[in-house]
2 protein chains.
Amino acid sequence: MDAYLALVSKREVRAFQARPIPDDTVRRILEAGRLAGSSRNRQNRRFVVLRDADLIARAAGTVFSPANLGDARLVVVVLVRGKGPVAFDAGRAAQNMMLAASNDGVGSCPNGVGDAGALAELVGHEPDEDAVIVLAFGYPASPRDPESRSPDEWIDAADRRPFDDVVEYL
Amino acid sequence: MDAYLALVSKREVRAFQARPIPDDTVRRILEAGRLAGSSRNRQNRRFVVLRDADLIARAAGTVFSPANLGDARLVVVVLVRGKGPVAFDAGRAAQNMMLAASNDGVGSCPNGVGDAGALAELVGHEPDEDAVIVLAFGYPASPRDPESRSPDEWIDAADRRPFDDVVEYL
């Protein structure tokens, strides 16, 4: 898919098909996250991958909106540690993963962590690591073909604040 | 450009040509940022755009590495406000902007804010807004053609932690 089309057509997907995500697509998603830039190239992050339905169900119990993970076929817990803009950098890596997913027809949605203790117990991460976000992935229950619209059409149709409210030219 | 190639070939660029960035490319960069998803679609962010050389020079004095902004032809200050994962969401929007730039041959690099007071004075943002990052854009002084390598070649050549250090399958 064209990169610009991927950027402007990405929408959050919270309901997924039962169809599993192939290994090579999972790998591309994770590589896109690993390759994302970070402050001073510190890469203060780690990705814990859940594909087993029971583990995903347990993870669902730890996020603010468990239903978003209910049908997910892949869950990636993004862990950060150390100083610097780790949440900002996690956002960059997460966006890369979700865009790589879109490019392979896979939908996604970030989920905030409601019960950090339960998630830490599930993931077994180090005490100095924080789970900053939980990404849910799967083939969309209601697929949309990015190529069905032009980038400008996707932009016009987006539920976003108007350009002039968001952008200020100094 | 293919979306996956854009994701894995993106590298930070800190030295830029004098050549200005056309208005339509600037617009695409900003639209990609505006369209990025955010927690509960709150869009708690705003982008302040600097294209004037004097303003960019002043902005350079407010970031940790002023030299990164020295040759920039476009600077975007990302402001956030309110509750929720605003830094994470800012990372998503910034990554979208930098990927849209790459797609048009424009390099970029995020810069941490060293002197928040001076930047606030320059940008004139609201007291409840924080400048979370300053993005520098320009045509790379040493351009690299993403198409010159395959995605796997870009991945293999990347200065990143090994896959097995970053990814854990539960």
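Okay, let's start with one pair of residues: in chain B, Val49(B) stands opposite Val76(B), which sits in strand β2(B). Keep in mind throughout that this is a predicted model.

That pair belongs to a ladder. Strand β1(B) and strand β2 of chain B, residues 74-81, are joined by 6 bridges and run antiparallel. Now, what packs on the sheet there? One answer is helix α5(B), which touches β1, β2, β3 and β4 of chain B, and its direction makes about 15° with that of β4(B). Then there's helix α6 of chain B, residues 116-123, touching β1, β2 and β4 of chain B. The direction of α6(B) makes about 80° with that of β4(B).

Let's zoom out to the whole sheet. In what order do its 5 strands come? Reading across, you get β5(A), β1(B), β2(B), β4(B) and β3(B), in an open sheet with mixed pairing. Look at the chain letters: β5 there comes from chain A, and the other strands named come from chain B. At the edges stand β5 of chain A, residues 167-169, and β3 of chain B, residues 107-111. Each has a single partner strand, so one side of each is left without a neighbour in the sheet. On average, neighbouring strands here are turned by 25° against each other, ignoring direction.

Okay, on to the other sheet. Here 5 strands make an open sheet, in the order β3(A), β4(A), β2(A), β1(A), β5(B), and the pairing is mixed. The edge strands are β3 of chain A and β5 of chain B, each pairing on one side only. The average turn between neighbouring strands of this sheet is 25°, direction ignored.

Let's walk along it. Strand β3 of chain A, residues 107-111, pairs with β4(A) in the antiparallel sense, over 5 bridges. One example is Ser108(A), whose bridge partner in β4(A) is Phe137(A). Next, strand β2 of chain A, residues 74-81, also pairs with β4(A), antiparallel again, over 8 bridges. Two of the residues to look for are Val80(A), with Asp130(A) as its bridge partner in β4(A), and Val77(A), whose partner in that strand is Val134(A).

And where do the chains meet in this sheet? Strand β1 of chain A, residues 45-50, is joined to β5(B) by 3 bridges, and those two run parallel. Phe47(A) has Val167(B) as its bridge partner in β5(B).

Back to β4(A) for a second, because there's a nice bit of reasoning: 8 of its 10 residues, 129-138, are buried, so the strand is largely enclosed by the rest of the structure.

Helices next. Helix α2(A) lies across β1, β2 and β4 of chain A together with β5 of chain B, running at about 165° to β1(A). Helix α2(A) covers residues 23-35, so 13 residues by the usual numbering. From its first C-alpha to its last it reaches 18 Å, close to the 18 Å expected at 1.5 Å a residue. Its buried residues include Val26(A), Ile29(A) and Leu30(A), but also Arg28(A), Glu31(A) and Arg34(A).

What about the middle of things? The largest nonpolar core has 110 residues. Those with the most contacts inside it are Val75, Val78 and Leu135, from chain A and from chain B. Take Val75(A): leaving out residues up to four places away in sequence, it touches Leu50(A), Ile56(A), Ala59(A), Leu69(A), Val134(A), Leu135(A) and Ala136(A). As background, nonpolar side chains in soluble globular proteins tend to be buried together.

For contrast, find Ala118(A), in helix α6 of chain A. Buried or partly exposed? Ala118(A) has 15 C-beta neighbours inside 10 Å, so it counts as partly exposed. Beyond its neighbours within four places in sequence, Ala118(A) is in contact with Gly61(A) and Thr62(A).

Last stop, the contact between the chains. How many residues does each chain put in? It's 54 from chain B and 54 from chain A. On the side of chain B that touches chain A, α5(B) gives the most, with 12 residues. By class, that side has 32 nonpolar, 9 polar and 13 charged residues.

Technical notes: Residues are numbered from 1 along each chain as its sequence is written. Chains are lettered from A and ligands numbered from 1 in the order in which they are written. This is a predicted model: local features need pLDDT of at least 70, side-chain atom pairs count only at pLDDT 80 or more; totals for chains, interfaces and linings use all residues. A residue is buried if 20 or more other C-beta atoms lie within 10 Å of its own, exposed if 12 or fewer, and partly exposed in between; C-beta atoms are placed from the backbone. Helices (H or I, at least four residues) and strands (E, at least two) are DSSP runs, numbered from the N terminus. Two strands pair if DSSP finds at least two bridges between them. Two residues are in contact if their C-beta atoms, placed from the backbone, lie within 7 Å. Ala, Val, Leu, Ile, Met, Phe, Trp, Tyr, Cys and Pro count as nonpolar, Asp, Glu, Lys and Arg as charged, and the others, Gly among them, as polar. Axes are lines fitted to C-alpha atoms, for helices over the stretch in contact, and angles run from 0 to 180 degrees between N-to-C directions. A nonpolar core is a set of buried Ala, Val, Leu, Ile, Met, Phe, Trp, Tyr and Cys residues joined through C-beta atoms within 7 Å. The expected span of a helix is 1.5 Å times one less than its number of residues.
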